[in-house]
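Please look over the sequence and the model below, and keep both in view while reading this briefing. The points that follow are grouped by topic, so that each can be traced in the structure in turn.

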Amino acid sequence: MKVKVLIGFVLAALILSACRPTATSQPTLLPPTVVVSTSNPPVPATASPILPASPSAATSQPTLLPPPAIVSTNSPSDPGVVSPVLPASSSACSDSAGFVADVTVPDNTNLTQGTGFVKTWRIRNTGTCAWSADYSLVFTNGSQMGSPTSVPLPATAPGETMDLSVNLVAPASGGAYTAKYELHDGSGNPFSIDGGRYVWVMITVGTTAALPTASSTSGSCTYVENATLVSQLFSLINAARASNGLPALSLNAKLSAAAMVHSIGMACHSSLSHTGWDGSTPKARISAQGYAYSYADEAIYAQPPEYGGTAQAAVDWWLNDPPHRAILLSSKATEIGLGYAYVAGSALGGYFTADAAAP
């Protein structure tokens, strides 16, 4: 009987102990870690949070260092990393210049023999390179007239202007003289001035062109001609063609009549233009003289005789102006007509016309 009672007491104690809550506290749950997006599908909302491997570690988070710089190569070691594309070098620049003004000694200034003078040009840097003393103005051809072979350029930034001067001496003999100069970069390479090659000095020395003497009238306008100037013009043009490997032009009476009509018109109306006072064009004036052309073009020039309006000055100006140079040295032209007319009191005194053509 005692045995049964003892067994019953032990069973009751076991049942009571199984129903009593434990005295230990619940474990503290850490918040879930941030899940970095990867190519794996996202964790479903019902999944258990991902706990750190060692939740009891009390050490601080390690200091993160910035990623190393990536040096761009042609073949990155990690094909998954796209190397940055570096810009091409921007050190290249270009040189060009623009003529602004003759500060001193304009074209065809008349000087006494042996006179020293200073020619100054105002030139703009129209390129993207800055000019320095490594750049230079270099004598190229013509009459050097005692000028130095080269002169360094003053420092000039792109877009700025500079005044560039050379010292010269007028020759001892009378006549017309021209000195041509190029601009060179620091490596000695020439670069363009308004699309051409040169700046120049153009003077007359001692004597000037003789005033024309044979007078004529056109309406109410009295003009004078000068056969000597026309003959000089013809010789100088053919000399320029010969020096450029081109055949001489023949003097054509119909072309000369067209040229003379235009020279008279310009002198009587004080107008230097390829458009005639009556609205005519060069080709219309040539056709009006009965010349049937396959090619035709015209060059004009004007300057008072007392200020150096010579045949040499006209040809020099034409050869230094690219559009007019192309006319005088055209391989298409076979013939030429020339005219000169002077009107006292006109804007420019004496007017030259050259009509180059081919039948």
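What follows is a briefing on salt bridges, disulfides and helix packing. The model is a predicted one, and it holds four salt bridges together with two disulfides. Helix H2 and helix H5 pack at an angle of about 35°.

**Salt bridges**

- Side chains of opposite charge can pair when their charged atoms come close.
- One of the four salt bridges is made by the side chains of Asp-102 and Lys-119, with a distance of 2.7 Å from N to O. This pair links distant parts of the chain, since Asp-102 belongs to strand E1 (residues 97-102) and Lys-119 to strand E3 (residues 116-125), with their positions 17 residues apart in the numbering.
- The two partners are covered to unlike degrees: Asp-102 counts as partly exposed because its relative accessibility is 30%, whereas Lys-119 counts as buried because its relative accessibility is 0%, and the cut-off for buried is under 20%.
- Another salt bridge joins the side chains of Arg-122 and Asp-163, again with a value of 2.7 Å from N to O. Here too distant parts of the chain are linked, with Arg-122 in strand E3 and Asp-163 in strand E6 (residues 161-169), 41 residues apart.
- Arg-122 has a relative accessible area of 31% and is therefore partly exposed, and Asp-163, with a relative accessible area of 39%, is partly exposed as well.
- A further salt bridge is found where the side chains of Arg-197 and Glu-182 meet, at 2.5 Å from N to O. Arg-197 sits in the loop between strand E8 (190-191) and strand E9 (199-205), while Glu-182 sits in strand E7 (residues 175-184), so this pair ties together parts that are 15 residues apart in sequence.
- Glu-182 has a relative accessible area of 8%, and so it is buried.

**Disulfides**

- If the bonded cysteines are counted along the chain, the disulfides follow the pattern 1-2, 3-4.
- Cys-93 is joined to Cys-129 by a disulfide with an S to S distance of 1.9 Å, and this link is right-handed, with 100° about the S-S bond.
- Cys-93 lies in the loop between helix H1 (2-19) and strand E1, and Cys-129 lies in the loop between strand E3 and strand E4 (136-142), so the disulfide ties together parts that are 36 residues apart in sequence.
- Cys-93 is partly exposed, with a relative accessible area of 43%, whereas Cys-129 is buried, with a relative accessible area of 6%.
- Cys-221 and Cys-268 form a disulfide in which the sulfur atoms are 2.0 Å apart, and this link is left-handed, with -85° about the S-S bond.
- Cys-221 in strand E11 (residues 221-225) and Cys-268 in helix H3 (residues 253-269) are 47 residues apart, and their pairing links distant parts of the chain.
- Cys-221 is buried, with a relative accessible area of 13%, while Cys-268 counts as partly exposed at 24% relative accessibility.

**Ser-220**

- Ser-220 is found in the loop between strand E10 (214-218) and strand E11, and this residue is exposed, because its relative accessible area is 81% and the cut-off for exposed is over 50%.
- Although Ser-220 and Cys-268 are 48 residues apart in sequence, their C-alpha atoms are 9.0 Å apart in space.

**Packing of helix H2 and helix H5**

- Two packed helices are described by the angle between their axes and the distance between the axes.
- For helix H2 (residues 227-243) and helix H5 (residues 311-320), the angle is about 35° and the axes are 8 Å apart, and H2 passes H5 in a right-handed crossing.
- On the side of H2, the contact is made by Leu-229, Gln-232, Leu-233, Leu-236, Ile-237 and Ala-240, and on the side of H5 by Ala-311, Gln-312, Ala-314, Val-315, Trp-318 and Leu-319.
- The residues of this contact divide into 10 nonpolar and two polar, with no charged residue in the contact.
- H5 is mostly covered, as eight of its 10 residues are buried; among them are Ala-313, Asp-316 and Asn-320.

How values were computed
Residues are numbered from 1 along each chain as its sequence is written. This is a predicted model: local features need pLDDT of at least 70, side-chain atom pairs count only at pLDDT 80 or more; totals for chains, interfaces and linings use all residues. Side-chain values use heavy atoms; hydrogens and water are left out. Helices (H or I, at least four residues) and strands (E, at least two) are DSSP runs, numbered from the N terminus. Buried means under 20% relative accessible area, exposed over 50%, partly exposed in between (1.4 Å probe, protein chains only). A disulfide is a pair of cysteine sulfur atoms within 2.5 Å. Axes are lines fitted to C-alpha atoms, for helices over the stretch in contact, and angles run from 0 to 180 degrees between N-to-C directions. A crossing is left-handed if the near helix is turned anticlockwise from the far one by less than a right angle, and right-handed if clockwise. Contact means heavy atoms within 4.5 Å. Ala, Val, Leu, Ile, Met, Phe, Trp, Tyr, Cys and Pro count as nonpolar, Asp, Glu, Lys and Arg as charged, and the others, Gly among them, as polar.
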